[in-house]
Amino acid sequence: MILQALYNYYRQKAADPESGIAPPGFEWKEIPFIIVIDMDGNFIALEDTRKGKTKRGETYLLPKSTGRSGSNSWMTSNLLWDHYGYVLGIPRGDDAKSNEMAKKQLLTFVQNVESLKEHLGKNDAVAAVALFYEKEEYKKVSSSDKWHECMKIIGCNMSFRIKDDAFLIPCSKSVRLYVESLDLNQSDEEGLGICLLTGLYGPIARIHGDTPINKDSKKIVSFQKNSGYDSYGKEQAYNAPISKIAEFAYTTALNGLLSRNSKNKVQIGDITIVFWAERQSELEQLFPSFFCFPKTDDSEVDARAVAALNDNACLSVTDGESERFCVLGLGPNAARISVRFWHESTDGEIAAAIRQHFEDIDIVRSTYDTGHYSVYWLLSAMATENKIDNIPSNMASQILRAIVTGEAYPLTMLHQTVLRIRAMRNVRRMQAGILKAYLNRSSRIHSFSEKEAISMSLDETNMRTGYLLGRLFAVLEKIQEQGVPGIHSTIRDHYYASASSTPSTVFPQLLKMKNYHLERIKVRGLRRKYENLLSEIMNRIQPDMPSGLVMEEQARFALGYYHQKSDFNKSLIIQ
Amino acid sequence: MEYFNKTFCLEVKGDFACFTRPEMKVERVSYDVITPSAARAVFESIFWKPAVRWRIRKIDVLRPVKWISVRRNELGVVMSNNGGIYIDDTDNQGGLKHRQQRASLLLRDVAYRLYADLEFIPPSDRTKGCNSLAAPSEEAWEKEMLRKDENPGKYYAMFERRARKGQCFNQPYLGCREFSCEFRYVEDLSKEPEPIDETRDLGFMLYDLDFKNPQNPSPAFFRAQMNSGIIDVPDWESEEVKK
């Protein structure tokens, strides 16, 4: 499923020479600092490759990093690049233990360089690196003027370059040929088996490569030893036999999708979504705009994407020529990455589901209201202080799943929104949209008899008690505003929460107050108009006002209130 | 003795299921449908003896594949090989040592129709397990008579009786013990509902573990293909099963 799809994605990318995906044995890696040496191994300078405001280093196609973990991790180093513990023997911390560790790491690194030199011969640039260590030139690096900059990055990766050469030594042709000659199928560890991705017999990867989604969560496949994940005497990744080649392919594919400049990634709250189409698809370009936080220079991007989705004929569901489209939601859990959702479908079906979602949340809005629709705003409307980090965990992934698959929204979405509305004592457009979407969709999917359809704007035929009470509340507030113009706090500020949850305790009082407010309205026609409206609504409410409203009715209350209120400002709304 | 393998059919359904993928066994992610090994366990929970072996033939998927993501508290320790555990053990900071919160991607609202052959193993082919039966009596006539009455038909009838009544040794479950399922013995297929109308390649799927070498059992995989909701499970001995 997931790994299989990633494996296929890698193969499809590898077949396309323009995709720029790393070939077997290599990896794109950011190198912020480069040690410049001459052919005699003398230290020339320390070079800073970081540019721009974000201070990110250049990325290079380097020999793939090798997985290392545990107490013997110092025994493995990368080829001609690594962090300063390996390259210079400078420890990360001050204590004796990390000092000891750095010494061992340096030894491993130098041994690696030596053996590579023997393989490539004396005239190569690699020989210069070996000389660099022989002459103990590496000790000079820490006295370089740029060194304190480098130390600021913990575990900063570094590599080598010959003076006047444009490329790094690990990128040189001879090193590249050497890496290519190493067969991924060669295995010095025992562990052969059937790969569960390819079905072929071969060496199995003991630990899998990192595919970090944040600084703490690194691996999607990992098994701790002696922690209940060993089965049938098999430890670590031997539990799940994946061949080294398949492991390389899926990690490279996922790292490509997750990379900083990837166009196939969206981050919402703690969830990282990656998506890809089997072949080119228009949806792939539009997809991030539906979810993202709008960029400052282009705030209309989500609204435009929604429009494009509706106009694009290619994305309507057609038989035959549709492309497979995969959406993968990843979330952090301790040091591991957990799969929050996974959906594989055709681009047409996914486009239809997303279109349906935007249709569901669409509701009347005022002309002042920016037409933002992206899921970022939707989640922010449910969060305390509108901060997306404040939404309950797992809810974001459930909502995203509902959007992509067209399934029912989670019930927590309704609860959270109603609670937010009660706390804020106001209904905003996005919140009203969420409630409408939830109620409409759940009745479409779950209810058997009466299908409820809440309309975009005021529905005078809606007979639900919650909806009517919401309308009533809006009318009472309007009367107060008209009667006492310029009032600072209205009945909404004082009574919204209790009116929407326990109407029978509040409404009698409110109706009594209404009489005073009505008297103060000087224009007779206006007074008559409100009185008519009130009686029209009151007549439909059952004689016994309910003492409590359940969550769904409270949602209808909010919708009735929002609809009625926007109906008062008819001149200001966009239908 | 001439005999044939009889095919039995069970319908199982449950609210949740998790046929954990081996590579996602920590933060669990389920396979899309029931695996042959999980299906075998369902049959075995109703009837099993050293004299028989279950072979899954076919799986009908009766409900569309639906997912749910749940966080659960699991244990990061195994019971075996360390003389038992106390699950509420605390470490020196007072935290619970073995409990871990992990995310799982489960299947929701599943139903399958499982077809399996009940294979009779002649007494001579049976491997002696650690739970072999009481030692045969020394008397010659008894030795001769022992197991003479064995006949596959007897086991077929036993299963049929048990399944029809809803008897089981342990409650059958769908992948994980916590997702117990209901089962029903299917006798007349003509009255049963059609499987879902979906055709899909499900990729490589765990078939079962190969216990030929008990010291190091290795997993076997096969390429699962769903054709109009029907998954044909290849023969254990066939080429399609990668062991």
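# A guided tour of chains A and B

Begin by selecting A:T252, which touches A:Y10, A:I21 and A:A22 once residues up to four places away in sequence are set aside. The model on display is a predicted one, and the values quoted at each stop are computed from it. A:T252 belongs to helix α7 of chain A, residues 244–258. With a relative accessible area of 11%, the residue falls below the 20% cut-off and therefore counts as buried. Display its side chain together with the backbone of A:F248: the side chain of A:T252 reaches the backbone oxygen of A:F248 at 2.6 Å.

**The loop before α7**

Move next to A:Q236, in the loop between β8 (201–203) and α7 of chain A. A:Q236 is not a glycine, yet its phi is positive, at about 50 degrees. Its relative accessibility is 10%, so A:Q236 is buried.

A second residue of this kind is A:E385, with a positive phi of about 55 degrees although it is not a glycine. Look for A:E385 in the loop between α11 (375–380) and α12 (395–405) of chain A. Is A:E385 buried or exposed? Its relative accessibility of 57% lies over the 50% cut-off, so A:E385 counts as exposed.

**A buried arginine**

Select A:R50, in the loop that runs between β3 (43–48) and β4 (58–63) of chain A. A:R50 is buried, its relative accessible area being 14%. Which side chains form polar contacts with that of A:R50? One is A:D48, joined to A:R50 by a polar contact of 3.0 Å; another is A:E149, where the polar contact is 2.8 Å. To see the wider surroundings, add A:P32, A:F33, A:K55, A:R56, A:G57, A:E149 and A:I153, which are in contact with A:R50 when neighbours within four places in sequence are left aside.

**Helix α17 of chain A**

Select residues 503–520 of chain A to display α17, a helix of 18 residues. From first C-alpha to last, α17 reaches 25 Å, close to the 26 Å expected at 1.5 Å a residue. Colour its buried residues: A:P503, A:V506, A:F507, A:L510, A:L511, A:K514, A:H517 and A:L518. An α-helix has 3.6 residues a turn, so residues three or four places apart point the same way. Then show what these buried residues of α17(A) pack against, namely α15 (465–483), α16 (491–501), α18 (524–540) and α19 (551–568) of chain A.

**Chain B as a whole**

Now isolate chain B, whose secondary structure comes to three helices and eight strands. Followed along the sequence, these elements of chain B appear in the pattern β-α-β-β-β-α-α-β-β-β-β. The C-alpha trace of chain B spans about 65 × 50 × 35 Å along its principal axes. Of the 243 residues in chain B, 45% are buried. Among contacts in chain B with a separation of 6 or more, 74% join residues 24 or more positions apart.

A surface display of chain B corresponds to an accessible area of about 13200 Å², 48% of it belonging to carbon and sulfur atoms. Colouring by charge picks out 38 positive and 39 negative side chains in chain B, with the centres of the two sets 2 Å apart.

**Helix α3 of chain B**

Within chain B, select residues 152–165 to show α3, which has 14 residues. The helix α3(B) reaches 20 Å between its first and last C-alpha, close to the expected 20 Å. At the N-terminal end, B:N151 caps α3(B), with a side-chain oxygen 2.6 Å from the backbone nitrogen of B:G153. After α3(B) comes B:G166, with a positive phi near 80 degrees.

Which residues of α3(B) are buried? They are B:P152, B:Y155, B:Y156, B:F159, B:E160, B:R162 and B:A163. Their cover includes β1 (6–17), α1 (36–46), β2 (52–61), β4 and β5 (182–185) of chain B.

**Where chain B touches chain A**

Finish at B:L105, in strand β4 of chain B, residues 99–120. B:L105 has a relative accessible area of 0% and is therefore buried. On the chain A side, B:L105 touches A:V339, A:R340, A:F341, A:W342 and A:R401. From chain B, its contacts beyond four places in sequence are B:R28, B:V29, B:S30, B:W67, B:I68 and B:S69. As a last step, draw the distance between the C-alpha atoms of B:L105 and B:W67: they are separated by 6.7 Å, although the residues are 38 apart along the chain.

Definitions and conventions. Residues numbered from 1 in each chain as written. Chains lettered and ligands numbered in written order. Predicted model: local features only at pLDDT ≥ 70, side-chain atom pairs only at ≥ 80, totals over all residues. Heavy atoms only, no water. Helix = DSSP H or I, 4+ residues; strand = E, 2+ residues; numbered from the N terminus. Expected span 1.5 Å × (residues − 1). Buried < 20%, exposed > 50% of the residue type's maximum accessible area, 1.4 Å probe, protein only. Contact = heavy atoms within 4.5 Å. Polar contact = N/O pair within 3.5 Å; in protein donor to acceptor, adjacent residues only side chain to side chain. Areas by Shrake-Rupley, 256 points an atom, 1.4 Å probe, with all protein chains shown as cover. Lys, Arg positive; Asp, Glu negative; His and termini not counted. Charge placed at Lys NZ, Arg CZ, Asp CG, Glu CD.
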